[in-house]
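Dear colleague,

Please find below the structure that I am handing over to you, followed by an account of what was found in it.

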Amino acid sequence: YKLRFNDGDVFEVDRAEFNANQFAWFIPEAISLDMTGAQLDIQEVGEVVLAFIPEEAVEEMAEGDGTDEAEASGEDMKESLRTAISKLEETGLDTLPFDIAVNWRWGADTGETALSFDSSSEGFGTGAFSVDVTLPDYARAQAAFESEDKETAFEEAFEEAFAFRGARFFESDDGGYDKLFAYASAIGKLYPQEGWGATLGGMEPQQMRTFIATMIRAGKQPAAQEFPPAVDWIESVAKYYEASGGSIELKSAPPTPVTVEYFDALDPDVAPEQIVEDLGLSVTHTPE
């Protein structure tokens with residue numbers, strides 16, 4: 001599949017497959033989307049957006065802030081936008097290759113439900129997200145649908161059936177952040193007269209990483225007072241952004257499914273460590 005606009009290849013994919021052929025009545029039991037060999041041309045997307053910006057809007061952008069740039073013409077502003085788009089190629093952000101897999105499963109007999117999203121992008125990184133819960137099964141959904149007060153019936157069905165069984169977020173950095181930070185620095189250099197431009201333009205990617213890590217670590221002190229286990233988690237996230245490469249994983253794997261009753265009965269004075277244990281919470285940073 002290939003999408004072209006103004007003679008430019010905006011998006012293409014070697015193979016895409018979408019399946020939604022398993023249903024219980026009108027409720028999908030399985031949905032999947034797989035794409036391999038996909039590529040989004042970010043630079044072409046920028047050109048498309050630029051082509052659609054009305055000249056009047058560009059004039060307003062140039063004249064609306066009351067600064068020295070108010071003298072700039074609409075064409076000058078467009079040229080600045082073109083320059084910003086050209087920086088995408090200089091920093092390796094002009095195209096984004098990727099493979100993705102999205103899956104949804106719902107058991108009509110059990111109500112067990114799983115949603116997952118996996119992606120990989122050469123030269124950028126990989127990502128994964130998943131969540132497992134229990135929702136009303138088909139029998140409960142049917143009974144709620146056939147009741148006189150459907151809204152109340154569905155609400156009660158969800159409260160009675162819902163159980164949280166786990167969730168995971170994973171990300172690895174294979175060069176994507178360095179490209180993004182290099183682009184931010186390049187854009188900042190285009191606007192040295194602006195405060196934000198001078199700040200970004202004066203920092204190399206590693207300096208940006210250090211700055212982000214410092215800002216993240218600023219949350220450790222309030223976390224230590226409110227939820228002490230989060231201090232180590234904050235440090236793990238800070239280390240992930242501080243250095244190129246590596247991965248970060250945020251995970252919840254409760255030893256037993258967590259129901260609505262658990263949250264309703266939760267003591268406000270419960271120890272944070274108990275919540276961590278009940279929900280199976282962890283944050284893991286793995287360096288390159």
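Ser 185 belongs to helix α6, which covers residues 176–190. Please bear in mind here, and throughout, that this is a predicted model. With a relative accessible area of 4%, Ser 185 counts as buried, because the cut-off for that class is under 20%. Two contacts of its side chain deserve mention. The side chain of Ser 185 makes a polar contact of 2.9 Å with the side chain of Lys 189. The side chain of Ser 185 also reaches the backbone oxygen of Met 203, at 3.0 Å. As background to the first of these contacts, residues three or four places apart in an α-helix point the same way, because such a helix has 3.6 residues a turn.

Salt bridges

The count of salt bridges comes to 10. I describe some of them here, beginning with a network that links Arg 217, Lys 220, Glu 235 and Glu 242. Within this network, Arg 217 and Glu 242 form a salt bridge through their side chains, at 2.9 Å from N to O. That pair connects distant parts of the chain, since Arg 217 is in helix α8 and Glu 242 in helix α10, 25 residues apart. Arg 217 also forms a salt bridge with Glu 235, where the closest N and O atoms are 2.9 Å apart. Glu 235 is in helix α10 (residues 230–242) and Arg 217 in helix α8 (residues 205–217), so this pair ties together parts that are 18 residues apart in sequence.

How exposed are the partners? Arg 217 has a relative accessible area of 24% and is partly exposed. Glu 242, at 27%, likewise counts as partly exposed. Glu 235, in contrast, counts as buried, with a relative accessibility of 17%.

Another salt bridge joins Asp 9 and Lys 2, with 3.8 Å between the closest N and O atoms. Asp 9 is partly exposed at 25% relative accessibility, and Lys 2 is partly exposed at 46%.

The loop between β1 and β2

Asn 6 is placed in the loop between β1 (2–5) and β2 (8–24), and Asp 7 lies in the loop between these strands as well. What sign does phi take at Asn 6, which is not a glycine? Its phi is positive, at about 50°. Asp 7, also a residue other than glycine, has a positive phi near 65°. For context, most residues other than glycine have a negative phi. Asn 6 is exposed, with a relative accessible area of 61%, and Asp 7 counts as exposed at 72%.

Helix α1

Helix α1 spans residues 42–52, and its buried residues are Gln 43, Gly 46, Val 48 and Leu 50. The N-terminal end of α1 is capped by Asp 41, which places a side-chain oxygen 3.2 Å from the backbone nitrogen of Gln 43. Gln 43 thus appears twice in this description: its backbone nitrogen faces the capping oxygen of Asp 41 at that distance, and the residue is listed among the buried ones of the helix.

Surface patches

Which residues form the negative surface patch? The patch is made up of Glu 148, Asp 149, Glu 151, Glu 155, Glu 156, Glu 159, Glu 160, Glu 261 and Asp 264. Two or more of its residues come from each of α5 (150–161) and α11 (260–264). The most is given by α5, with 5 residues. One residue of the patch, Glu 160, is found in helix α5 and has a relative accessible area of 56%, so Glu 160 is classed as exposed.

There is also a nonpolar patch on the surface, formed by Leu 115, Phe 117, Phe 129, Phe 169 and Leu 250. Together these residues have about 390 Å² of accessible area. Among them, Phe 129 is placed in strand β6, residues 125–134. Phe 129 is partly exposed, with a relative accessible area of 38%. That value lies above the 30% that a residue has to exceed in order to be counted in a patch.

Yours sincerely

Notes
Residues are numbered from 1 along each chain as its sequence is written. This is a predicted model: local features need pLDDT of at least 70, side-chain atom pairs count only at pLDDT 80 or more; totals for chains, interfaces and linings use all residues. Side-chain values use heavy atoms; hydrogens and water are left out. A salt bridge is a side-chain nitrogen of Lys or Arg within 4 Å of a carboxyl oxygen of Asp or Glu. Buried means under 20% relative accessible area, exposed over 50%, partly exposed in between (1.4 Å probe, protein chains only). Helices (H or I, at least four residues) and strands (E, at least two) are DSSP runs, numbered from the N terminus. Patches are made of residues with over 30% relative accessible area and no salt bridge: like charges are joined within 9 Å, nonpolar side chains (Val, Leu, Ile, Met, Phe, Trp, Tyr) within 5 Å. Accessible areas come from the Shrake-Rupley method with a 1.4 Å probe; for residues, only the protein chains shown count as cover. Lys and Arg count as positive and Asp and Glu as negative; His and the chain ends are not counted. The place of a charge is taken as NZ of Lys, CZ of Arg, CG of Asp or CD of Glu. A polar contact is a pair of N or O atoms within 3.5 Å; within protein, one must be able to donate a hydrogen and the other to accept it, and residues adjacent in sequence count only if both atoms are side-chain atoms.
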